[in-house]
Structures are given as structure tokens and as C-alpha cells.
Amino acid sequence: PERGCLSIIVLGASGDLAKKKTFPALFNLYRQGFLQSNEVYIFGYARTKISDDELRDRIQGYLPHGKDGTEDVSNFLQLIKYVSGSYDDPEGFKALDKAISEHEISKQSMEGSSRRLFYLALPPSVYPQVCKMIKNYSMNKSDLGGWTRIVVEKPFGRDLASAEELSSQIGELFEEPQIYRIDHYLGKELVQNLLVLRFANRFFLPLWNRDNIANVQIVFREDFGTEGRGGYFDQYGIIRDIIQNHLLQVLCLVAMEKPVSLKPEHIRDEKVKVLQSVLPIKDEEVVLGQYEGYKDDPTVPDNSNTPTFATAILHIHNERWEGVPFILKAGKALNSRKAEIRVQFKDVPGDIFKCQKQGRNEFVIRLQPSEAIYMKLTVKQPGLEMSTAHSELDLSYRQRYQGVVIPEAYERLILDTIKGDQQHFVRRDELKAAWEIFTPLLHRIDNGKLKSLPYKPGSRGPAEADQLLERAGYVQTHGY
Ligand code: BG6
């Protein structure tokens, strides 16, 4: 591993994302020995004028077991320093640079270079100015080498044009290998497993195509609404919040061809090809919904048409997938919290058991909660009769990997940014291709041409979505 001073600078240090995700992930990395006290220093930067201790107090309660105040917790908190300043003020960024440099000087006896990781836990509207400030005043300038990297969070724009504008503004200041666009779904254990499952198992190689697969569903459900985030959410809606990024990234990994190697660029090249092969989305293959009560939030306008639920069918125009619907579905305030991939196979031709009504073969990857991989298959019902039953081959992580801690997505991704591994980050051309798919549809929704149907909180979403699935050839199986 690289050695030398590592400064992690969390901009927007007192915001929600930093408190709930960034600092807890850093703490977990620290606890596991990935951040060495003799190399690392963490800087919080935000506008509020508070002291180091006040920031530490604000963070502590969000750390795993933080309230217990263990030795780990207090040692970790001692690594954090706070600098206040605004996001467009050179003075603030000069002060930040000074604080970082002091830390670096104090560690000068160490071999190696200076590494500066800037984590922008901020709204995208300030990315360009913050990047400019970093570039002008807070970059690593050490003669000993090292690097400066920038981590940014979605939403990267609202549509193709705004995303491209944002990309060029940041692209003028930093090179692509310095920019880490986080999509935290790429840090989830079972999303990372997709590559292995698909390309290290002989089972799947001959079956993974239009000859055998009837349809693929990628589903995200939450059993709570937009509580407290209505203002943000209403400007974006479920397609921009979940589908255009998280679900589309999963689709890429399910549908892509085998990469030449595991090199990040080889993998990302294949993902881009999938995105570029997606056909324009048709209005009749989309169902939008908005849960009743969504507009009770005072920050949501009374006439909002913003979808909190959407099902959209994507078609990939290539040799492997022609004719196979990829059904992307996401919703808030539904009946359960779950994210899963369901690959449904075609019926067995010439079924001599007449068992097809019981359900098709399905391969299911449950991303959360309770990670699992299972296959639904037909077996003989045990007993004297020759009858069939639908059953499962089940790999539930909780049982199979008892005692193994599955890392949080953010933990893994932050570690990757320190190592300089961009495999699980979204490349600029990938982002562009993802926006190309959804922008025309989003514009039609924004212009009111497509309406969100009401649905009851705690339901499955609008019934029209299930009808759309049926039309797409999805056969409901029971059980699991
Ligand atoms: C975020 C969305 O990106 O992902 C949220 O903005 C959503 O609306 C969250 O709740 C879901 O993440 P996870 O990891 O809980 O599935």
C-alpha cells in the first residue's frame, strides 16, 4: 500500500450525509486498521463556526456504538479537526490548506508523499465553485509527489444537459482519474458479487441470454416515504433518485459482456456499451405513481406530479438481449423494504409434468435486507405420488457466513478512493449514457405529459404497474 500522510477532508462536515454515512464509514475503516493514526488526519469543513470539540460531539452519536465512548471512539475523534469557511471564499480554503500542511509538516519524518482526499458531502450546485477553490488554494503541492482526489455524490445534474455542464466544469479542473463519482449501490456486497456469479460459474454462461431468459426485474422498495426530505425529493423524483443511477448500474452488471480483465477501465467499457445499447423508453412501458399523503409535506407543492414510484421497461438492443424486457421498478412508501434482482427463465418446452403453472425457474439475488442468492426450481414433491413442487436452492448469507461482517457500501468505496481503484465509480461517459436513456422521459414527466397515479402508502404501488409486468411476460411465482 501507498505510504505517507493522508488527509481526508469532509466538506459539508455538519450535514446529514457526512454525519450519517461519511464519518461512520471512516470510523469503521479506522477501527479495522485501514486508517493508521500516524498517517491520517481528518478535516471537517463547513460554514458553521464551531470548535473541533463541537464537531466531534455532533459526530459521536452517529458512530457505531459511538455513545458508549469507547477508546476507539475517542481515539478516532481525536483525529478530526475542524475548519470553518464558506464554499466560495479563498480565505476559508487557504486556512484549510494551512491546517492540512501543518499536519503534513508534523509528519515529515515519514517517508512518502502527501495524499489529499476531498469528500464533497455537499449539494451539487456548489461542486464547481468548491472544486475551483480546492484547485486554486488547497491542492497537494508537495515535491514528494502524492495526489489530490475528489469524491462527489449524486445527483450529478437533473438531465443530460445539466449533467454534461457539471462534468465539463469539474473536468476543466481535475482529470478523470482524480474524480470519484459515488453510486453507493456499487459498494453493496451482492452488487459486487454479480461479476463473480456471472463470469466464474459455468452454470450461467450458456443460459444468460435471450434464448433462455424471459425477463429481468430489478426492484427497489422502501416502506417509508420522503419524511424530512420532501423538498429535495420533489425536485428530483424516484427516477433521478434511484432508477437512473442505482438500478441502472445494477442493470449494467447483469447485462454486460465479459470484460477483457478485471481492470476498472475494462469493466467500465463494458458497462458503457450496455447503456449505449438501450432503446428509447416508450410511454406505454412506464407507470408512475405518487403515494397519497406525499403532498402533505409543507415543502412539497400542492400540484406536484413528482413520482415517488416508477416502473419502466428497458430494452437492450444487442445480440444477447434483443426481446428480453428489463423491468426497473422503484418506490417509496410501499409494503416492504427490499432490493432484489429477479432473473426469470422461459418455460420448459414440451412440459411432461404439466408443472408450468407452479412457476418458472428464477434466479434471485437479494441485495437487502438479509443478503441472499436463491434459485427457484421444480422438484418432485417428496412422497409416494409423482407430483411436482416449486422449491428453492438457497444461499442465505446470514446462515452461510455466520459471524462474517459485511462491510457497509460507503466503507468499501472510501477505501477504494484511498487506494485509487475506480472500478466501482461512475465514469464520465457512463454518466452521460445513463442520462441519455432517461432524459427524454424525464422531460415528458416534467412537462406534465405523463401523470403519476395515486397509490396507498403501504401498498404494492399502482395496480397498473403489475398489469404492465404481466404484459411484459412476467409470470408471478408464489412463496419467497
Ligand atoms: C439514496 C436515495 O441514494 O439511496 C434515497 O437518495 C434512498 O432516497 C437511498 O433512500 C437508499 O439506499 P439504501 O442503501 O438504503 O438502499
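In this predicted model, 18 aromatic pairs are found. One of them joins Tyr45 and Phe93, whose ring centres lie 4.8 Å apart with the planes at 40°, so the pair is tilted. Tyr45 belongs to strand 2 (residues 40-46) and Phe93 to helix 4 (residues 90-106); with these positions 48 residues apart, the pair links distant parts of the chain. Tyr45 is buried, at a relative accessible area of 0%, and Phe93 is buried too, with a relative accessible area of 0%. Elsewhere, ring pairs connect Phe233, Tyr291, Tyr294, Phe309 and Tyr455 into a cluster.

Aromatic rings also meet charged side chains. The charged end of Arg149 is placed over the ring of Trp147, at 3.7 Å from its centre. Lys188 lies over the face of Tyr185, 4.5 Å from the ring centre.

Strand 2, which carries Tyr45, is part of an open sheet of six strands, paired in parallel in the order 3-2-1-4-5-6. Strand 3 (80-84) and strand 6 (179-182) are the edge strands; each has a single partner strand, so one side of each has no neighbour in the sheet. From one strand to the next, the twist averages 20°. Within the sheet, eight bridges hold the parallel pairing of strand 1 (residues 4-11) with strand 4 (residues 113-120), and Gly4 stands opposite Ser113 in strand 4.

Helices pack on this sheet. Helix 2 (residues 52-60) touches strand 2 and strand 3, and its direction makes about 115° with that of strand 3. Helix 5 (residues 127-138) touches strand 1, strand 4 and strand 5 (146-153), and its direction makes about 165° with that of strand 4.

Conventions:
Residues numbered from 1 in each chain as written. Predicted model: local features only at pLDDT ≥ 70, side-chain atom pairs only at ≥ 80, totals over all residues. Heavy atoms only, no water. Phe/Tyr/Trp six-rings, centres within 6.5 Å; stacked < 30°, edge-to-face > 60°. Helix = DSSP H or I, 4+ residues; strand = E, 2+ residues; numbered from the N terminus. Buried < 20%, exposed > 50% of the residue type's maximum accessible area, 1.4 Å probe, protein only. Lys NZ or Arg CZ within 6 Å of the ring centre and 35° of its normal. Pairing = 2+ DSSP bridges. Axes fitted to C-alpha atoms, helices over the stretch in contact; angles between N-to-C directions. Contact = heavy atoms within 4.5 Å.
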